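Good morning, colleagues. I would ask you to bring up the chain on your screens, and I shall then go through its sheets, its helices and their contacts.

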Amino acid sequence: MTCLLGVDLGTTNVKILAVTPHDWQIIAQTSLPIPTLSAQPDYAEQDPEAIWQAVRQGLSEVVIGVKRKQATIEAVSFSAGMHSLLAVDADGKPLTNALLWSDNRAEPQARKLHTEQSNLGNDIYAHTGTPIHPMIPLCKLAWFRDNRPELLRQAAKFISLKEYVWWKLTGQYQIDYSMATATGLFDTEKRTWYKPALDFAGIRADQLSTPQPTTFDVAYEPDKKGAARTALPIGVKLYPGASDGCLANLGSGCVDADITTITIGTSGAVRQTVNKPERDPHGRLFCYYLDERNGKPYYVVGGPTNNGANVLQWLAEKLTHQETEAVLTEAETIAAGADDLLFVPYLHGERAPVWDASARGAYLNVDFRHTQAHFVRAALEGVMFNLLRIEQLLAEQTGPTRMIYANGGFAQSDFWVQMMADIFGVPVRLNASNESSAMGAVLLVADLKKPLEQIAEEVQFGRTFEPDVECHKRYQAVFECWCKAVEQVV
């Protein structure tokens with residue numbers, strides 16, 4: 001029996017699955033937490049060596065589990081969070097920690113591309129499909145240019161955490177097209193580094209990794225150092241895979257244009273899979289490369305939010321001082337609409353749809369009748385309203401949503417998933433496995449000749465939540481008020 005490994009380098013955990021391609025069963029898995037370092041406000045970093053050690057440990061644990069099942073590992077494919085950036089020297093030694101997507105120190109550099117150099121910012125978005133924001137490596141590099149110029153001279157390469165792990169395994173500095181399209185430095189159409197973006201960042205193309213397809217005709221194998229560093233067997237095939245957002249779409253079975261995937265973990269995202277690069281006229285939606293099969297390209301278009309289940313965590317830790325389960329139970333005691341109490345959920349600034357790192361949250365319409373339970377209900381609804389606003393932007397480009405495929409930590413709450421169905425007014429279907437990115441990494445390399453539409457048919461589903469018609473009508477009215485409230489706050 002053979003199996004495939006999906007390695008997901010997430011923001012909070014490194015997750016590894018071993019899946020048998022004949023029946024798509026998970027026969028071994030592990031999850032190892034990764035700390036985020038915040039030396040000061042707006043900073044969010046991770047130690048690349050800690051990520052590598054977690055990958056090594058996770059691979060060892062999964063290999064042991066695979067051997068217990070008397071299976072053999074055929075291939076390994078990688079998923080990773082987008083927008084991380086670190087500098088390494090000529091020997092591959094990190095010169096910095098990795099700046100994460102949630103690191104906002106480059107806000108002045110992003111603002112410059114929105115104001116003083118808006119023509120350049122618009123041009124970069126048109127070629128790369130990456131909205132201008134402090135999260136993207138383009139702006140992080142510009143921050144290094146302005147604040148640590150010696151790095152631009154010292155660094156042999158500027159890479160992501162995924163590229164660091166890939167170099168440890170293969171000795172190669174390579175980046176898949178999917179991760180590259182999330183940098184703000186990569187021309188999606190020509191599939192090469194975009195010179196105007198490089199010039200703004202102040203670096204050369206040879207200081208970046210070599211762009212590669214998400215799957216190779218001939219897979220890599222670990223080099224001698226890589227094999228010695230891990231428990232992977234000799235001869236195992238290595239594929240770079242793609243970004244976690246793109247693979248979450250594939251892993252959730254979302255390949256049809258009228259199906260929308262919504263992921264709510266710490267943060268969240270609304271995404272659809274399309275077959276041509278889509279561009280929002282106002283630069284509010286991303287468009288990232290996924291793969292190409294038999295001359296047919298696949299892109300994932302959508303919008304990310306900074307404020308997902310971390311709002312629930314805030315409610316539990318800072319507002320109610322309860323466990324998250326108790327917070328959700330308390331919210332259920334209040335009717336839809338929270339008796340007109342509204343919450344704008346921008347606790348961590350916001351990406352889509354406002355793309356404003358300085359945006360902040362707010363409660364509105366507070367009056368004497370509102371209890372703690374109202375504040376909780378309104379906050380959870382505010383997260384969903386923001387996602388609905390992103391979905392409406394997406395629908396302008398791709399058409400209306402027929403069904404939502406939902407995944408992420410929020411899917412463990414039937415109450416919150418039902419709220420999504422009621423607010424969006426369409427059925428919400430859960431995946432049988434909630435590890436959509438790691439599963440997507442496996443599906444991507446399971447059969448390199450099959451169209452992704454056929455591969456997506458292998459995805460297994462769990463429960464489907466139908467919207468309550470009367471509740472949806474109530475939410476439509478509340479949503480109109482919520483959109484007006486956002487205009488007051490942002």
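Two strands are said to pair if DSSP finds at least two bridges between them. With that criterion in hand, please note that this is a predicted model, and let us turn to the sheet to which the criterion applies. It is an open sheet of seven strands, ordered E16-E17-E15-E14-E20-E21-E22, and its pairing is mixed. At the edges stand strand E16, residues 286-293, and strand E22, residues 461-465; each has a single partner strand, so one side of each is left without a neighbour in the sheet. From one strand to the next, the twist averages 25°.

Within this sheet, consider strand E14, residues 259-264, and strand E15, residues 268-274. They pair in the antiparallel sense over four bridges. Which residue of E15 stands opposite threonine 263? It is alanine 269. Helix H10, residues 244-251, lies across E14, E15, E16, strand E17 (296-305), strand E20 (403-407) and strand E21 (428-431). Its direction is at about 65° to E15.

I now move to another sheet. This one is open as well, with five strands in the order E3-E2-E1-E5-E13 and mixed pairing. Its edges are strand E3 (25-33) and strand E13 (237-243), each with a single partner strand, so one side of each has no neighbour in the sheet. Direction ignored, neighbouring strands here are turned by 20° against each other on average. Strand E5, residues 72-80, pairs with E13 in the parallel sense over five bridges, and alanine 75 stands opposite lysine 237 in E13.

Two helices lie across strands of this sheet. Helix H1, residues 48-68, crosses strand E1 (2-9), strand E2 (13-20), E3 and E5, and runs at about 155° to E3. Helix H6, residues 161-170, lies across E1, E5 and E13, running at about 175° to E13.

How do H1 and H6 pack against each other, in angle and in axis distance? The angle is about 55°, and the axes are 10 Å apart. Since angles from 65 to 115 degrees count as roughly perpendicular and those under 35 as roughly parallel, H1 and H6 are therefore oblique to each other. Their crossing is right-handed. On the H1 side the contact involves Pro48, Glu49, Ile51, Trp52 and Val55, which meet Leu161, Tyr164, Val165, Lys168 and Leu169 in H6. By class, this contact of H1 with H6 has eight nonpolar, no polar and two charged residues.

A second helix pair deserves our attention. Helix H14, residues 414-424, and helix H17, residues 469-489, pack at an angle of about 70°, with their axes 7 Å apart. H14 and H17 are therefore roughly perpendicular to each other, and their crossing is right-handed. H14 contributes Met419, Asp422, Ile423 and Phe424, while H17 contributes Cys471, His472 and Tyr475. By class, the contact of H14 with H17 has five nonpolar, one polar and one charged residues.

Helix H17 also takes part in the final topic, the aromatic pairs. The structure holds 20 aromatic pairs. In one of them, the ring centres of phenylalanine 385 and phenylalanine 479 are 5.7 Å apart and the planes stand at 40°, so the pair is tilted. It links distant parts of the chain: phenylalanine 385 belongs to helix H13, residues 372-398, and phenylalanine 479 to helix H17, 94 residues apart.

Thank you for your attention.

Technical notes
Residues are numbered from 1 along each chain as its sequence is written. This is a predicted model: local features need pLDDT of at least 70, side-chain atom pairs count only at pLDDT 80 or more; totals for chains, interfaces and linings use all residues. Side-chain values use heavy atoms; hydrogens and water are left out. Axes are lines fitted to C-alpha atoms, for helices over the stretch in contact, and angles run from 0 to 180 degrees between N-to-C directions. Angles under 35 degrees count as roughly parallel, over 145 as roughly antiparallel, 65 to 115 as roughly perpendicular and the rest as oblique. A crossing is left-handed if the near helix is turned anticlockwise from the far one by less than a right angle, and right-handed if clockwise. Contact means heavy atoms within 4.5 Å. Ala, Val, Leu, Ile, Met, Phe, Trp, Tyr, Cys and Pro count as nonpolar, Asp, Glu, Lys and Arg as charged, and the others, Gly among them, as polar. Rings of Phe, Tyr and Trp (its six-membered ring) pair if their centres lie within 6.5 Å; planes under 30 degrees apart count as stacked, over 60 as edge-to-face and the rest as tilted.
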